[in-house]
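Biologist: Could you pull up the model, so that we can go through it together?
Modeller: Sure, here it is.

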Amino acid sequence: MTIKTKSPVKKAAAKKPAAKKAKKPRATKPVVRTAIEFKSVSKVYKLYKNDRQKLAAALMPRKKLAQKIANDSISFKIKHGESVAILGKNGAGKSTLLKLITGVTFPTIGDVIVHGQVSAILELTAGFDEALTGRENIYLKGMVLGLEKSAIAAIEKEIIDFAELGEYIDQPVRTYSSGMKARLGFAVNAHINPDILIIDEALSVGDKDFRKKCRTKIAEIRAREHVTVLLVTHSADSAREFCERGLVLAGGKLVHDGPIAEALEFYNQKS
């Protein structure tokens with residue numbers, strides 16, 4: 001039996017594997033977080049003629065009552081860092097919208113989602129204890145807004161200097177004029193470094209110089225990265241100055257959502 005053999009062949013030197021080209025990292029898009037989202041939100045208030053009717057409705061829940069639809073199937077998203085004007089006539093549903101965002105009231109239907117700490121410059125004197133001094137009320141209001149005592153202490157001097165109350169800061173708030181209370185309220189709300197700042201016609205606080213100071217402070221807050229600003233106003237100048245987008249409400253419905261120039265034009269046409 002013959003055995004075929006292969007002639008010896010010199011092994012070729014093993015080739016080194018070609019170096020793989022480094023892959024270029026893919027450019028990642030920055031994640032844009034949502035600050036506020038309304039999903040088909042409606043708020044319906046039951047109207048009672050008197051306390052007796054309110055009690056009767058509690059005992060007999062099936063009894064039909066007159067209703068007021070304050071917000072009607074509203075949907076929108078506001079991103080972190082956006083500045084948005086809320087426009088609308090009196091009774092359009094603006095105040096209810098703000099109460100839903102701040103958690104003062106809750107939707108009848110739909111979902112309201114809010115991410116971040118909210119500071120609402122609405123009723124500036126709300127939350128003050130008349131028997132306490134201005135300084136003590138800074139701590140009271142700060143704690144109501146969710147701040148630790150140490151965090152309030154860190155901004156106490158800034159708040160006092162901004163409010164310009166001088167020696168009155170250590171006097172009971174019951175001795176303050178309405179303007180002094182409003183100045184202290186604005187100072188506290190504007191200095192807590194919120195994620196979301198809501199302003200409801202608060203730019204009319206105090207005299208001309210203090211109003212200018214408030215506007216400068218709001219512009220400073222707005223310039224900070226990722227701070228969301230909501231401004232409820234009837235002033236086109238304020239809306240243009242602070243906002244890039246506008247939501248227009250009418251009869252409880254969201255009737256327009258777009259760039260601020262377009263929103264103001266729409267609002268003025270409907271007014």
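Biologist: Let's start with a bridge: which residue in E2 is the partner of Phe-38?
Modeller: It is Phe-76 that serves as the bridge partner of Phe-38 in E2, and please keep in mind that this is a predicted model.

Biologist: And how many bridges do E1 and E2 have?
Modeller: Strand E1, which covers residues 34-47, pairs with E2 over 10 bridges, and the sense of the pairing is antiparallel.

Biologist: What's the strand order in that sheet?
Modeller: The sheet is open and has three strands, in the order E2-E1-E4, with antiparallel pairing. Strand E2 (66-79) and strand E4 (109-114) are the edge strands, each of them pairing on one side only. From one strand to the next, the twist averages 20 degrees.

Biologist: Which strands does helix H2 lie across?
Modeller: Helix H2, made up of residues 94-102, lies across E1, E2 and E4, and its direction is at about 120 degrees to E1.

Biologist: Switching to charges, how many salt bridges are there in the whole structure?
Modeller: The search finds 12 salt bridges. One of them brings together the side chains of Asp-72 and Lys-253, at 2.8 Å from N to O. That pair links distant parts of the chain, given that Asp-72 belongs to strand E2 and Lys-253 to strand E9 (residues 253-259), 181 residues apart.

Biologist: How accessible are Asp-72 and Lys-253?
Modeller: Asp-72 is partly exposed at a relative accessible area of 23%, and Lys-253 is also partly exposed, with a value of 41%.

Biologist: What about Glu-130, which residue does it form a salt bridge with?
Modeller: Glu-130 forms a salt bridge with Lys-181, and their closest N and O atoms are 3.1 Å apart. Glu-130 sits in the loop between strand E5 (118-121) and helix H3 (134-144), while Lys-181 is in helix H5 (residues 178-190), so this pair ties together parts that are 51 residues apart in sequence.

Biologist: Is Lys-181 buried or exposed?
Modeller: Lys-181 counts as buried, because its relative accessibility is 16% and the cut-off for buried is under 20%. Glu-130, by contrast, is partly exposed, with a relative accessible area of 35%.

Biologist: And where do Arg-245 and Asp-257 lie?
Modeller: Arg-245 lies in strand E8 (residues 245-250) and Asp-257 in strand E9, so their salt bridge ties together parts that are 12 residues apart in sequence. The closest N and O atoms of the two are 2.9 Å apart. Arg-245 counts as buried at 11% relative accessibility, whereas Asp-257 counts as partly exposed at 36%. Salt bridges with shared partners also join Glu-82, Arg-245 and Asp-257 into one network.

Biologist: New topic: how many disulfides does the structure hold?
Modeller: It holds zero disulfides. As for individual cysteines, Cys-214 is buried with a relative accessible area of 0%, and Cys-243 is buried with one of 4%.

Biologist: Last one, what is Thr-228 in contact with, leaving aside its neighbours within four places in sequence?
Modeller: Thr-228, which is found in strand E7 (residues 228-232), is in contact with residues including Ala-35, Ile-78, Gly-81, Glu-82 and Asp-195. A polar atom of the Thr-228 side chain lies 3.1 Å from the backbone nitrogen of Gly-81. Thr-228 is buried, with a relative accessible area of 0%.

Terms used
Residues are numbered from 1 along each chain as its sequence is written. This is a predicted model: local features need pLDDT of at least 70, side-chain atom pairs count only at pLDDT 80 or more; totals for chains, interfaces and linings use all residues. Side-chain values use heavy atoms; hydrogens and water are left out. Two strands pair if DSSP finds at least two bridges between them. Helices (H or I, at least four residues) and strands (E, at least two) are DSSP runs, numbered from the N terminus. Axes are lines fitted to C-alpha atoms, for helices over the stretch in contact, and angles run from 0 to 180 degrees between N-to-C directions. Contact means heavy atoms within 4.5 Å. A salt bridge is a side-chain nitrogen of Lys or Arg within 4 Å of a carboxyl oxygen of Asp or Glu. Buried means under 20% relative accessible area, exposed over 50%, partly exposed in between (1.4 Å probe, protein chains only). A disulfide is a pair of cysteine sulfur atoms within 2.5 Å. A polar contact is a pair of N or O atoms within 3.5 Å; within protein, one must be able to donate a hydrogen and the other to accept it, and residues adjacent in sequence count only if both atoms are side-chain atoms.
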